[in-house]
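Let's take a walk through this structure, one piece at a time. Keep the 3D view open as you read.

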Amino acid sequence: MRVLARVGVGPLCSAARAVIPWFWRGKYFSSGRESAENQVTPMLRHLMYKIKATGPITVAEYMKEVLTNPAKLLGIWFISEWMATGRNAAFQLVELGPGRGTLLGDILRVFSQLGSVLKNCDISIHLVEVSEKLSEIQALTLTEEKVPLELNPGSPAYMKGVTKSGIPISWYRDLQDVPKGYSFYLAHEFFDVLPVHKFQKTPQGWREVFIDIDPQASDKLRFVLAPCVTPAEVFIQSDETRDHVEVCPEAGVIIQELSQRIALTGGAALIADYGHDGTKTDTFRGFCGHKLHDVLIAPGTADLTADVDFSYLRRMAEGKVASLGPIKQQTFLKNMGIDVRLKRLHGGSHPMNACQSKPSPSPVAGFGELAWR
């Protein structure tokens, strides 16, 4: 994975992984009785994507991935950014597309564990979620109760509650509805499901890829090229050297909104996703039943995704906030002290806490105050 960062008074990051088709045949077995509930955690989704892309992984690799679950380190990243930018009296944590709320739940547990650091800070949670079904699941995960819909038609939030740790939490259908203020934004595997326009370079110039009915089979679809220039072509760079590109105007709009907010009121944003830095071409693909699936067959039965072009996101933030990255997730986690955590998890040292430990050098500003020896 890679990581990209942008900052106003703090940075914004993202992640990406190259896809290498790989096929494997073999027997499979179970370690025992299946759990009554196989909770779809962010780590499970990450592992499933990794296996889909590169094939089965070794037990050693599985252990390393699970033991170094980045969710808790993300919580530390937000705290370190808050500390590095002056320990504001209050901040909003805003997540775009929170899924089932499990990643945010892990981050909030870190906030609770480091309550002594945050005790004088007024924190509020703001979730941008268009799916009412998912918002109900998020509410159960984060508050352990069903949160009723807001009856006040003038309220920008459609749900309001309190997390298990006592932090106010609100749900919104659009980022623009979230109150402006000093905020940290999180978008984890959010941008890769936004719709993209695909373009192919031809002797006549760029032509957008359309989807049409196959004349040879009336119940099938096919890709075709537009006969002339289409409006979305304006999003292609004039010096583009690739012969096939994908552009996502909606992602650009969201990045501009985030950048304007950070420039105006301060904060930072972290984006973690599968993508590239303006180098890949055709990444539009589908997954169904944990397998690659033809995107034009049985529409509605498969998950559709396209890798995020972080060079495009970076251009959309230019002139408003600073941008860092993208860098690989491995590098980001190492910068956050993942090696130290691995040593601790493997029993290489006695239990430690922030009060007992000496600060150690860290490339993340402010993290030394929370580091373990």
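## A pair in helix H4

Start with Asp106, which is buried, with a relative accessible area of 14%. That value falls below the 20% cut-off for calling a residue buried. One thing to keep in mind as you look around: this is a predicted model.

What does the side chain of Asp106 meet? It forms a salt bridge with the side chain of Arg109, at 2.3 Å from N to O. Arg109 is partly exposed, with a relative accessible area of 40%. The two residues sit three apart in helix H4, which covers residues 102–113, so about one helical turn separates them.

## A similar look at helix H7

Now jump to helix H7, residues 249–265, where Arg261 and Glu257 are four residues apart, so about one helical turn lies between them. Their side chains meet in a salt bridge too, at 2.7 Å from N to O.

Are these two buried or exposed? Arg261 counts as buried, at 2% relative accessibility. Glu257 is also buried, with a value of 12%.

## A link between two strands

Next, find Lys198 and Glu246, whose side chains meet in a salt bridge of 2.9 Å, N to O. Lys198 belongs to strand E7 (residues 197–202) and Glu246 to strand E10 (residues 244–247), so this pair ties together parts that are 48 residues apart in sequence.

Both ends of this bridge are tucked away: Lys198 is buried at 9% relative accessible area, and Glu246 counts as buried at 9% as well. The story has a third member, Asp282, which is linked with Lys198 and Glu246 in a network of salt bridges. How many salt bridges turn up in a search of the whole structure? The count is 11.

## The sheet around them

Strands E7 and E10 are part of an open sheet of four strands. Reading across, the order is E9-E8-E7-E10, and the pairing is antiparallel. Which strands stand at the edges? They are E9 (221–225) and E10, and each has a single partner strand, so one side of each is left without a neighbour in the sheet. On average, neighbouring strands here are turned by 35 degrees against each other, if you ignore direction.

Zoom in on E8 (residues 205–213) and E9, which pair in the antiparallel sense over five bridges. For a concrete example, take Phe210: its bridge partner in E9 is Val224.

## A nonpolar patch on the surface

Stay with these strands for a moment and look for Ile211, Ile213, Leu221 and Phe223. Together they form a nonpolar patch on the surface, with about 360 Å² of accessible area. The elements that give two or more residues to this patch are E8 and E9. Ile213, for instance, lies in strand E8.

## Helix H8 and what follows

Last stop: helix H8, which runs over residues 310–317. Is H8 mostly covered or mostly open? Mostly covered, since six of its eight residues are buried. Those six are Phe310, Ser311, Tyr312, Leu313, Met316 and Ala317.

Just past the end of H8 you come to Gly319, which takes a positive phi of about 85 degrees.

Note on methods
Residues numbered from 1 in each chain as written. Predicted model: local features only at pLDDT ≥ 70, side-chain atom pairs only at ≥ 80, totals over all residues. Heavy atoms only, no water. Buried < 20%, exposed > 50% of the residue type's maximum accessible area, 1.4 Å probe, protein only. Salt bridge = Lys/Arg side-chain N within 4 Å of Asp/Glu carboxyl O. Pairing = 2+ DSSP bridges. Axes fitted to C-alpha atoms, helices over the stretch in contact; angles between N-to-C directions. Patch = residues over 30% accessible without salt bridge, like charges linked within 9 Å, V, L, I, M, F, W, Y side chains within 5 Å. Areas by Shrake-Rupley, 256 points an atom, 1.4 Å probe, with all protein chains shown as cover.
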